[in-house]
Amino acid sequence: DVSALSCLFEDPSVTKVLHGADYDIRCLFRDFGFTVASLFDTQLAARFLGQKETGLSSVISRYFGVDLEKKYQKSNWALRPIPREMLSYAVLDTAFLPELRALLSEELEKLGRASWVEEECGILCQARPSSNGDSPLFLRFKGAGLLDPLSLAVLEEVLQVRVGFAKSMDRPVFKVFSDTAALAMAQEKPRNMEALAAIPNFSGRQIQIFGAKVLAGIEKALQTPKAELPRYPRKQRFRCSPHEAERKLALRDFRDRKAAELSLDPGIVLTNSQMRAVAKRKRTRLEELSAIPDLRRWQVSAMGEEMLETLSRVP
């Protein structure tokens with residue numbers, strides 16, 4: 001029971017320092033119902049300082065000259081007792097964060113970007129796990145969009161079998177069997193143990209434990225009536241008027257110039273969705289920029305006038 005930590009995460013007077021917090025924020029909410037206030041994300045801060053390599057080990061090496069050992073990143077953390085070397089890894093993974101926050105904050109203040117990161121961290125605190133409800137599992141599977149309907153049906157059944165085992169064994173799905181194996185099953189559609197043994201990344205032990213249910217799932221999918229076979233949904237492409245296209249092109253050129261000027265990744269300066277949102281407006285004033293939900297306050301404050309000047313030159 002970790003419910004006692006809830007008040008700590010929700011307390012705005014206590015800063016929570018995490019590196020690459022997006023997944024953590026989602027998991028804390030999903031698993032424990034925790035919301036987070038007063039976040040400082042050291043990876044976000046590094047990105048807003050224009051650093052190219054912002055993984056924790058790279059940032060720690062840059063500021064402290066310490067090389068973090070990452071080989072335990074995907075180890076079995078359910079082991080008890082936890083091996084001493086894994087405990088050392090876990091300690092070092094967080095030990096530098098408070099001092100790192102102080103160093104990054106100082107640099108951000110000098111560049112006038114502290115409020116930018118503060119706003120982004122506040123938005124990041126609202127991240128929530130995606131709710132797919134009863135949506136097919138293949139919608140979240142890389143490579144599913146290239147499969148034909150029958151293969152999609154097989155993939156869905158295989159993924160459902162994998163999730164079932166993952167829940168019963170209390171382990172992540174990739175530790176049941178890999179995506180590579182699942183995709184190969186969808187493509188090859190094995191119907192017996194011998195054919196299943198030819199599937200890459202699917203060991204004899206996995207065949208012994210999961211094989212029967214996998215084959216039953218595949219057989220079920222193969223019996224699906226043609227009219228009921230799933231189809232991968234195709235996203236509608238964004239269509240814009242010629243005028244909107246010109247405005248977006250002008251914004252993209254501005255974004256790239258501004259990114260070079262600030263030594264930032266262009267995706268930080270303006271995202272594609274933000275440029276689309278601005279380009280849709282026929283006439284835009286500064287107060288109207290502020291009303292666009294996609295735009296951040298820091299973007300309007302730091303670049304709003306220049307964006308409007310850029311758009312004013314579009315015929």
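A pocket, as I use the word here, is an open set of grid points with protein on both sides within 12 Å along at least five of seven lines. I keep this at the head of my notes on a predicted model, since two pockets take up much of what follows.

**Entry: the second largest pocket**

I looked up the second largest pocket and found about 810 Å³ of space in it. Of the 23 residues that line this pocket, Arg30, Leu137, Arg140, Val163 and Val173 are the closest to its centre. I then asked which elements give two or more residues to this lining, and they are α2 and α8, the latter running over residues 149-169. The most comes from α8, with 6 residues. Sorting the lining of the second largest pocket by class, I noted 11 nonpolar, 4 polar and 8 charged residues.

**Entry: the largest pocket**

I turned next to the largest pocket, which holds about 1400 Å³ of space. It is lined by 30 residues, and those closest to its centre are Tyr23, Asp24, Gln73, Trp77 and Asp93. Two or more residues of the lining come from each of β1 (16-18), α2 (22-32), α5 (84-95) and α6. Here α2 gives the most, with 7 residues. By class, I wrote down 16 nonpolar, 6 polar and 8 charged residues for the lining of the largest pocket.

**Entry: Ala102**

I wanted to place one residue of α6, and I chose Ala102, which sits in this helix of residues 97-111. Is Ala102 buried, exposed or partly exposed? Its relative accessibility is 46%, and because partly exposed covers the range between 20% and 50%, Ala102 falls into that class. I also looked up its distance to Thr42: the two are 60 residues apart in sequence, while their C-alpha atoms lie 9.8 Å apart in space.

**Entry: the chain as a whole**

Stepping back, I counted up the secondary structure of the chain, which comes to 16 helices and 2 strands. The C-alpha atoms fill a box of roughly 65 × 55 × 35 Å along the principal axes. For the radius of gyration I found 25 Å, whereas a compact globule of 315 residues would have a value near 20 Å. Of the 315 residues, 37% count as buried. Among contacts with a separation of 6 or more, I noted that 60% join residues 24 or more positions apart. Last, I looked up the surface: the chain exposes about 19000 Å², and carbon and sulfur atoms supply 51% of that area.

Notes
Residues numbered from 1 in each chain as written. Predicted model: local features only at pLDDT ≥ 70, side-chain atom pairs only at ≥ 80, totals over all residues. Heavy atoms only, no water. Helix = DSSP H or I, 4+ residues; strand = E, 2+ residues; numbered from the N terminus. Buried < 20%, exposed > 50% of the residue type's maximum accessible area, 1.4 Å probe, protein only. 1 Å grid on protein atoms, 1.4 Å probe; cavity = no way out; pocket = protein on both sides within 12 Å on 5 of 7 lines; lining within 4 Å. Points joined across faces, edges and corners; volume = space filled by probe spheres on them. Nonpolar A, V, L, I, M, F, W, Y, C, P; charged D, E, K, R; others polar. Rg over C-alpha atoms; globule rule 2.2 N^0.38 Å. Contact = heavy atoms within 4.5 Å. Areas by Shrake-Rupley, 256 points an atom, 1.4 Å probe, with all protein chains shown as cover.
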